[in-house]
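User: Could you teach me how to read the cavities in a protein model?
Analyst: Happily! Let's look at it together.

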Amino acid sequence: MDVASPPPYRRLSRPVGPAPQSVNELPAYTRSRRHTLAQPVVRREPTEHVFQLMDGRKPWVVFKVYSSARSAKSLPTFFEKENINCKLEMNAGSGDSSIQAISATVTGRIITGSRSEDIHTFLSITHPIWVKSSDGSRTPSGSRTPSPAGVSSSKLSGDCAWSFSIPLPRTINRQDGSEDRLPETFSDPRSDASIQYDLMIKFSRGKLRTDNWQVIVCITVCIKTAFGYVPSSRPDQPSPFRQMAYQEAVPLPGPDADPYGWQNLPTVIAEGAVFRSRAAEVQCSLSLAKPLSYTRGSVIPCYLSLFSIDSQALDLVSIPSSVVVCLQRTVRYYKASGARKAQVGWTEHSEDVATASWWHPGTSGGNVRRTDPHTCLLEGEITIPKDLKPTASMDHFSISYSVVLRSFDVAGFQPTSNRDLLLSEPIEITTMYARGPRPIAYSPPAYDTKAVPASPRDIGFASTVNRAEAAGFSSTRAF
């Protein structure tokens, strides 16, 4: 998302050592090395967003919101631990006694359809700004003088101004009493579900009349804007060997050299027919770099071992473009927000959001001659889109991710089973980098990631998501 003012950052933890004594002691610089070092942080002033209510040609109310968005043209954007800082200015003229109260409301909603039953509010915060006095006192209210929130009087007049700050919680409570992290704003045209946050200023106007029927006459005038929210989630540190490889910009050690740095998934067998003439089997052993938690905008290192007694079948499936390993996203939600879970119909929508690129170890492109005619090793990585939403889970909504191995995509090896999915492993997507050196990409230029339909950006957002780059949320800076 558009980010301007991330939280404070830590200094680099690496101690400053003595200066090298000779040119030979200077570190070797590569194009990749610059991505592993934290960059200097330059804090910017918050972006001011201005909203108005007009009285003819003149503004009657001016509402200012200060956020971490990079542009005033974008929606306000807030990160975890940031407050919503606002200023409300109103010109009440010679006096306006019809206003009963002014308040600010923050809401977070899961929307799964057009019915009222399809809207579930998981966050609701009301912040009083001004309340009319009930004792009939004639204390002036903020005419040319700022009035703090909560101060009451019987009448507003002149130029009134209130500055206030609303803290956002980091977590929300489930029905069973457990806690979930506040989810990121989400909207996708291919899904009925969305996560929407709104900030609204309410002006309650009219007269309070108490009679035998206790009738309340009240008209509410509002200023409302949606805003973006980004949670803070960070993976654990990778293995020491992997950190060293990132730091020195050298190839990652494989599962044999770094057994604690890889998760070896169960071996699966791909059955097929070689040129439709004979049956063949290929054993597939996929490994993923641990921990199974990865920052959006970075990469997922992969390692694939293939074995077959049919050397021709192995030649076909070991072509890098034949291997299909994808990052799959599943959005799960249900519509009847007031019903018990046993009575609710769940809906799931899954799609591939990225595909791995592969290459033979120690090569920069093309095929390689194998020393073992029955075994082939491939290195790979999945580039995670920068605007991908992080993993989220709550009572009525969840976003989850898996790395999936599909049937080989090569003309000479025809699968004999209708089962396209061979293997699936759940992973987590986060918004911030792990502490330590940044992950770097190793895929050779000849093996660009296969085309996958880009995930659409949120409705109402202009390049919002991963400008959290500034905060270690993705591409250029770290806490």
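Analyst: A useful start is residue class: Ala, Val, Leu, Ile, Met, Phe, Trp, Tyr, Cys and Pro count as nonpolar, Asp, Glu, Lys and Arg as charged, and the others, Gly among them, as polar. By these classes, the lining of the largest cavity has ten nonpolar, three polar and three charged residues. The model is predicted: local features need pLDDT of at least 70 and side-chain atom pairs 80 or more, while totals for chains, interfaces and linings use all residues. Residues are numbered from 1 along each chain, and side-chain values use heavy atoms, without hydrogens and water.

User: What is a cavity, and how many of 30 Å³ or more are there?
Analyst: On a 1 Å grid over the protein atoms alone, a cavity is a set of points where a 1.4 Å probe fits but cannot get out; lining residues have an atom within 4 Å of a point. Points join across faces, edges and corners, and volume is the space filled by probe spheres set on them. Here there are four cavities of 30 Å³ or more.

User: Which residues lie nearest the centre of the largest cavity?
Analyst: Pro 235, Arg 242, Ser 293, Ala 434 and Pro 439 do, out of 16 lining residues. This cavity holds about 150 Å³ of space. Strand 17 gives the largest share of its lining, three residues; strands (E, at least two residues) are DSSP runs, numbered from the N terminus.

User: What is the volume of the second largest cavity?
Analyst: About 120 Å³. Its lining includes Trp 262, Cys 302, Trp 359 and Glu 379, and divides into eight nonpolar, two polar and two charged residues.

Key
On a 1 Å grid over the protein atoms alone, a cavity is a set of points where a 1.4 Å probe fits but cannot get out, and a pocket is an open set with protein on both sides within 12 Å along at least five of seven lines; lining residues have an atom within 4 Å of a point. Helices (H or I, at least four residues) and strands (E, at least two) are DSSP runs, numbered from the N terminus.
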